[in-house]
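Visitor: Could you pick one part of this structure and walk me through it closely, along with whatever surrounds it? Take your time over the details.

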Amino acid sequence: METIELKINGRKRTLHCLPNATLVEVLRDQLHLTGTHVGCDTTQCGACTIHVDGCAVKACTVLAVRSDGSDVMTIEGLAENEASHPMQEAFKACHGLQCGFCTPGMIMSAVDLVNKGCALEPSAIREALSGNICRCTGYQNIVAAVMQGASEMQEQSS
Ligand code: FES
Ligand code: FES
């Protein structure tokens with residue numbers, strides 16, 4: 001077993017894991033942060049997207065030991081003071097989800113692209129979210145939700 005220290009959703013945690021444990025396994029199985037989903041386990045679907053040190057990563061292909069010392073945020077850490085994040089609200093308002101399986105990963109990727117200052121036209125959003133697959137194929141509403149969430153994030157930060 002290896003010992004690692006992570007800051008997860010603002011809280012410092014010391015964890016023990018196998019050298020080959022992935023970050024998503026540690027989050028789900030040890031910490032019960034099951035909002036981070038596993039759809040493929042091969043870096044294709046984006047359901048496991050979280051933020052590590054402020055950047056979106058697919059947690060199914062990051063070894064937990066490689067993230068020792070990192071600041072990790074999962075979908076559970078996005079809301080502040082029990083108020084949903086503007087991107088979460090926008091997904092609700094724009095019906096940007098159907099079964100919801102892809103939604104946590106979509107939202108984490110969408111927040112990352114806004115934080116990075118990416119262009120926010122529909123075509124650029126589709127390109128930026130190409131690593132996140134929605135099996136329900138609700139892409140039209142997802143793009144609308146990201147545009148609305150992005151404008152609310154920008155308003156809040158101005
Ligand atoms: S489970 Fe990680 S990309 Fe699909
Ligand atoms: S809402 Fe069902 S997979 Fe995207």
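Guide: Let's clear the cysteines away first: a disulfide here is a pair of cysteine sulfur atoms within 2.5 Å. By that rule, this predicted model has 0 disulfides. Cysteine 55 is in none, and the nearest cysteine sulfur, on cysteine 118, sits 11 Å away. With 36% relative accessibility, cysteine 55 counts as partly exposed, whereas cysteine 60 is buried at 5%.

Now to the part I'd pick, helix 3. It covers residues 103–115, and its 13 residues should span 18 Å at 1.5 Å a residue; the end C-alpha atoms are 18 Å apart, so the two agree. Since 12 of those 13 residues are buried, helix 3 is largely enclosed by the rest of the structure. The buried set is Thr103, Pro104, Gly105, Met106, Ile107, Met108, Ser109, Ala110, Val111, Asp112, Leu113 and Val114. After the helix comes glycine 117, with a positive phi near 75°.

What encloses it? The buried residues of helix 3 pack against helix 2 (86–93), helix 4 (122–128) and helix 5 (139–157), and also against strand 3 (49–52), strand 4 (55–58) and strand 5 (71–73).

Take the helical company to begin with. The largest nonpolar core has 23 residues, and Met106 and Ile107 are among those with the most contacts inside it, along with Met87, Phe91, Leu129, Ile142 and Val146. Helix 2, helix 3 and helix 5 each put in at least two residues, with the largest share, 7 residues, coming from helix 3. Phenylalanine 91 is a good place to zoom in: leaving aside residues up to four places away in sequence, it touches Thr103, Met106 and Ile107, as well as Gly96, Leu97, Ile142, Ala145 and Val146. A separate core of 19 residues lies apart from this one, with Ile4, Leu6, Leu31 and Cys48 among its members.

On to the strands. Helix 3 lies across strand 3, strand 4 and strand 5, at about 40° to strand 3. These belong to an open sheet of 5 strands, in the order 2-1-5-3-4 and with mixed pairing. Strand 2 (11–17) and strand 4 are the edges; each has a single partner strand, so one side of each has no neighbour in the sheet. On average, neighbouring strands are turned by 40° against each other, ignoring direction.

Strand 3 is worth a pause, as both its faces are covered: Thr49 and His51 are buried on one side, Ile50 and Val52 on the other. It pairs antiparallel with strand 4 over 4 bridges, and isoleucine 50 has valine 57 as its bridge partner there. The two strands form a hairpin with 2 residues between them, and aspartate 53 in the turn has a positive phi of about 50°.

Toward strand 5, strand 3 again runs antiparallel, joined by 2 bridges, and valine 52 stands opposite valine 72. Valine 72 also faces isoleucine 8, where strand 1 (residues 2–8) pairs with strand 5 in the parallel sense over 2 bridges.

For completeness, helix 1 (residues 23–30) lies across strand 1, strand 2, strand 3 and strand 5, at about 105° to strand 2. So if you rotate the view around strand 3, look for helix 1 and helix 3, each of which lies across it.

Notes
Residues numbered from 1 in each chain as written. Chains lettered and ligands numbered in written order. Predicted model: local features only at pLDDT ≥ 70, side-chain atom pairs only at ≥ 80, totals over all residues. Heavy atoms only, no water. Expected span 1.5 Å × (residues − 1). Buried < 20%, exposed > 50% of the residue type's maximum accessible area, 1.4 Å probe, protein only. Contact = heavy atoms within 4.5 Å. Core = buried A, V, L, I, M, F, W, Y, C linked by side-chain atoms within 4.5 Å. Pairing = 2+ DSSP bridges. Axes fitted to C-alpha atoms, helices over the stretch in contact; angles between N-to-C directions.
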